[in-house]
2 protein chains.
Amino acid sequence: MTLGERRIIEIIQKQLVEMPKMPIPFGDDVAAIDLGNNKLAILKTDMLDAKTDVPKTMTLWQAARKAVVMNISDFAAKGAKPEALLVSLGLPTGLTENDIEEIGRGLNAGAREYDAYIIGGDTGEASDLIISIALFGTAKKTDLMLRGGARPGDIVAVTGPFGNAAAGLRILTENIKTPESTRENLTESVLMPHARLKEGLALSKTRAVTAAIDSSDGLAWSLHEIAKASKVGFIIDKLPTDKETKEFALTNKLDPKDLTLYGGEEYELVLTIKPKSLQKAENAIRNVGSRLLIIGRATKKKQITLNTDKEPCTIKAKGYEHFKTNIKDSKPAT
Amino acid sequence: MTLGERRIIEIIQKQLVEMPKMPIPFGDDVAAIDLGNNKLAILKTDMLDAKTDVPKTMTLWQAARKAVVMNISDFAAKGAKPEALLVSLGLPTGLTENDIEEIGRGLNAGAREYDAYIIGGDTGEASDLIISIALFGTAKKTDLMLRGGARPGDIVAVTGPFGNAAAGLRILTENIKTPESTRENLTESVLMPHARLKEGLALSKTRAVTAAIDSSDGLAWSLHEIAKASKVGFIIDKLPTDKETKEFALTNKLDPKDLTLYGGEEYELVLTIKPKSLQKAENAIRNVGSRLLIIGRATKKKQITLNTDKEPCTIKAKGYEHFKTNIKDSKPAT
């Protein structure tokens, strides 16, 4: 595509009459409608296109499950509870009954992992395999974690280490070598992503979080999105690189920093937290069996700086770029 | 596609754990979630793929508008009020900023015609132009018009005449001739479809309607869907053929019956009505400036019979088939 995704959304948005009193501004991870009594209907739609989103070794079951998980992840980042999904399928010719069954099982598996249900959908013919999900759920208006609430001094934290999906994708699509002990975890993080739903729901109850986003477009991009919406900057003084990413980088003489910051297809939450409520947030996360990694703090100065090396440097607003080479055209392997 | 749409949905559905207490059974025009107090959240998703759903002479503006209208039409058939839409766009390479703007304007026009708003969405690259819509709205549980409530003796009615879209599509894709006076209306019914929303909402308040569906897969198919869900049959003794369809059929020596029954991409409502409440339904429809065409009645015998000729014949369970010839691959004309 000659036009970037960001520019396309900008152009479309300019043509739209805005709904009065939108509870969540256009462009956040999810959209909402006010149901009254502090209750919001939360909506999200995201489309998986096998041409760009499905590496060759991903099964149809995994692709269908992933299409669900990537939508659930946006709910997780906002503290919204997913309840029901609708699925629009675009199917290339030549799929068998077994293929369709596998897609159905993958959709169901993704939904049930997060206690949601597939309640309807539609299907038609398409050139690529397309799985478009519409996710519905609810949230308390006062529990929502938006992108725009970070304040200077807030603590920046993530729900897990980064880099494995970027490394895994390279292993799957470019056949790059890796220490055998790391191979499974790295590729699994691409093939079997998990949404941080219980973490997001637990954090939203604490009211400790001032801004949140999921990291599906990469850590650097997520930080820039929060910075833009909240009108702050960040100093990142601890990079949350996964130890397996470090081994992979060492073996391949790659920069682990790049894999950590500019990867993507990773479904961690990137959060800013009020310093005085940090303990509350950490307790909430611990109660659901996870942990917070603190990586920096928000600043008044609107720059995003990496301060881990001798020389501080700027974290670029570079998002995840689809690995188009070696990504199959339409039908994933079964 | 080797597998039919119906079979695909059947296979998928078999893999799904069903949500307990679904207010609307799987497979009706829309899905619903109970919000309590007789209120339902209504959801629908349907995908427009330019490869099969967009004739060559349709502009991008028209295609985007149509993607919205076809979803609104399902809400109309259930008596549900559309409120907000999310849009997933799959865009082929090579679209210009003007193209995107046109798509945005078409989406907005479709939504605003029915007092709804586009509140979010997502975009990515795809081989065909894909416009997947997720529509949210609400309805009173007791107002809903489902497919399964028709009883023997009920009156069968439609909200307008049929055949023009089938004729128009042939004019657009096969360059078939038609009397000049009919050309614009016939092609407009393909390029600028309208959803019968005010009719559906007005009818739902009367509680006179026992079953309803929109006719986007054709009149014959719609009758078969209601018959199957309600476990009834129909005798159709008056075919609602549009007068322009008759002229077109005459000119081209085509059977107007086929154009009326087995067309599609027509967005009328097909309804069954309690005989004693017919007056109420007719008044409601008149109050919104429209009219009901009575075409037959429901029977205990589970057959669908056309009784307009000397010899009664069976109406086949044949749905609308996409006119694949002459349908452009990805990018509609601008």
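These legends walk through several close-up views of a predicted two-chain model.

Because the model is predicted, local features are given where pLDDT is at least 70 and side-chain atom pairs count only at pLDDT 80 or more, while totals for chains, interfaces and linings use all residues. Residues are numbered from 1 along each chain as its sequence is written, and chains are lettered from A and ligands numbered from 1 in the order in which they are written.

**View 1. Chain A on its own.** Let's start with the whole chain: chain A has 11 helices and 12 strands. Helices (H or I, at least four residues) and strands (E, at least two) are DSSP runs, numbered from the N terminus. The C-alpha atoms of chain A fill a box of roughly 55 × 55 × 40 Å along the principal axes. Its radius of gyration is 19 Å, which agrees with the value near 20 Å for a compact globule of 334 residues. That radius is taken over C-alpha atoms, and the globule rule is 2.2 Å times the number of residues to the power 0.38. Of the 334 residues in chain A, 59% are buried. Buried means that 20 or more other C-beta atoms, placed from the backbone, lie within 10 Å of the residue's own.

**View 2. Where chain A meets chain B.** Here 58 residues of chain A are in contact with 57 residues of chain B. Two residues are in contact if their C-beta atoms, placed from the backbone, lie within 7 Å. On the chain A side, the largest share, nine residues, comes from E4(A). This side divides into 29 nonpolar, 16 polar and 13 charged residues. In that count, Ala, Val, Leu, Ile, Met, Phe, Trp, Tyr, Cys and Pro are nonpolar, Asp, Glu, Lys and Arg are charged, and the others, Gly among them, are polar.

**View 3. How the two copies are related.** Chain A superposes on chain B by a rotation of 180° with 0.0 Å of shift along its axis (RMSD 0.0 Å). That is the relation of a two-fold axis. The same surface serves both copies, with 98% of the contact residues of chain A recurring in chain B. The superposition is by least squares on the C-alpha atoms of residues with pLDDT of at least 70 in both copies.

**View 4. Strand E5 of chain A and its partners.** Nine of the 11 residues of E5(A) are buried, so this strand is largely enclosed by the rest of the structure. E5(A) pairs with E2(A) in the antiparallel sense over 11 bridges, and nine bridges join E3(A) to E5(A), also antiparallel. Strands pair if DSSP finds at least two bridges between them. Look for A:Thr138 in E5(A): A:Ala41 stands opposite this residue, and so does A:Lys81.

**View 5. The seven-stranded sheet of chain B.** This open, mixed sheet runs in the order E7-E9-E6-E10-E8-E11-E12. E7 (209-214) and E12 (313-314) of chain B stand at the edges with a single partner strand each, so one side of each is left without a neighbour in the sheet. Further in, E8 (233-236) and E10 (293-299) of chain B pair in the antiparallel sense over four bridges, with B:Ile235 opposite B:Arg297.

**View 6. Helix H7 of chain B.** Eight of the 10 residues of H7(B) (197-206) are buried, so the helix is largely enclosed by the rest of the structure. Among them are B:Leu197, B:Glu199 and B:Thr206. The buried residues pack against H3, E3, E7, E9 and H11 of chain B. Just after H7(B), B:Arg207 takes a positive phi of about 55°.

Definitions and conventions:
Buried ≥ 20, exposed ≤ 12 C-beta atoms within 10 Å, placed from the backbone.
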